[in-house]
Structure formats: structure tokens, C-alpha cells
Amino acid sequence: MKKLFKITFLNNGKSYELYAEHIGSSHLWGFTEVSQLVFEPRGEGLVVDPTEERLREEFENTRVLYLPMHAIVKIEEVERRTPAAIRDAASGEKITPFPYPPARPR
């Protein structure tokens, strides 16, 4: 069974929550290596989580994410995935990215 990690880190005044299958020490001093990011499968339904889509677009071409150790709030090994989130770092309130830009043509 594959391990699943929930990573919470700070970036530009926001708290990001992402899921990954691999976490490790980086060869770059002071960084943690996060790879094999996990997103909800894109469904055919009408309901789309805008936060999940924003994170997917921001990190879709990321093979390995190198996070500075001081930016990481916590890393949890979890049994199952819950919706990813972007929160305001000061208040902890979930940020909904509206208005959402139109999808790029593929």
C-alpha cells in the first residue's frame, strides 16, 4: 500500500495543503523534497472544486517540489485524501479563488 502525506506549508501569506506520495530530505541543504503530488481525479460531473483546480494548475508540471524547512508547518501521514486547501496564513480562513480565470485552450 502506498503511503500518502498531507503537507501544509506557507507561501506568500497563504497556507497551502497538498498531498504527495513521497517526502524526503533534499540534497539541497535546508529543503524538504516533495514529489508524486496527488490530486483528485478530474470528474465528468458539473461540480468542480475551484481550489483543487487552482492547485492542480499551479503544480501540474511540477516533478519535485523543494520546500524550505522554515516554510513547512506540518507533514502528516494520512489514510485518505480530503479536499486540498489554500488558507489565509493569519486567519486560517479558506481562500476561494474567485473569480476563476477561464480555462486555457489545450
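Of the 106 residues in this protein, 35% count as buried. The model is a predicted one, with an average pLDDT of 83 and 76% of the residues scoring at least 70. On the outside, the protein exposes about 7400 Å², and carbon and sulfur atoms supply 54% of that area.

Let's walk along the chain. The protein has one helix and six strands, and from the N terminus on they run β-β-β-α-β-β-β. Confidence varies among these elements: strand β6 (residues 85-88) has the lowest mean pLDDT, 80, while β4 has the highest, 96. Among contacts between residues at least 6 apart in sequence, 62% join residues at least 24 apart.

Now to the inside. In soluble globular proteins, nonpolar side chains tend to be buried together. Here the largest nonpolar core has 16 residues, and F9, L18, L55 and F59 touch the most other members. The elements below each give two or more residues to this core.

| Element | Residues |
|---|---|
| β1 | 4-11 |
| β2 | 14-25 |
| β3 | 31-38 |
| α1 | 50-59 |
| β4 | 64-68 |

F59 is a good residue to click on: leaving out residues up to four places away in sequence, F59 touches F9, Y16, L18, L37, F39 and L65.

Another one to look at is T32, which is found in strand β3. T32 counts as buried because its relative accessible area is 12%, under the 20% cut-off. Setting aside neighbours within four places in sequence, T32 is in contact with I23, G24, S26, L65, Y66, L67, M69, I72 and I75.

How values were computed
Residues are numbered from 1 along each chain as its sequence is written. Side-chain values use heavy atoms; hydrogens and water are left out. A nonpolar core is a set of buried Ala, Val, Leu, Ile, Met, Phe, Trp, Tyr and Cys residues joined through side-chain atoms within 4.5 Å. Buried means under 20% relative accessible area, exposed over 50%, partly exposed in between (1.4 Å probe, protein chains only). Helices (H or I, at least four residues) and strands (E, at least two) are DSSP runs, numbered from the N terminus. Contact means heavy atoms within 4.5 Å. pLDDT is the predictor's confidence in each residue, from 0 to 100. Accessible areas come from the Shrake-Rupley method with a 1.4 Å probe; for residues, only the protein chains shown count as cover.
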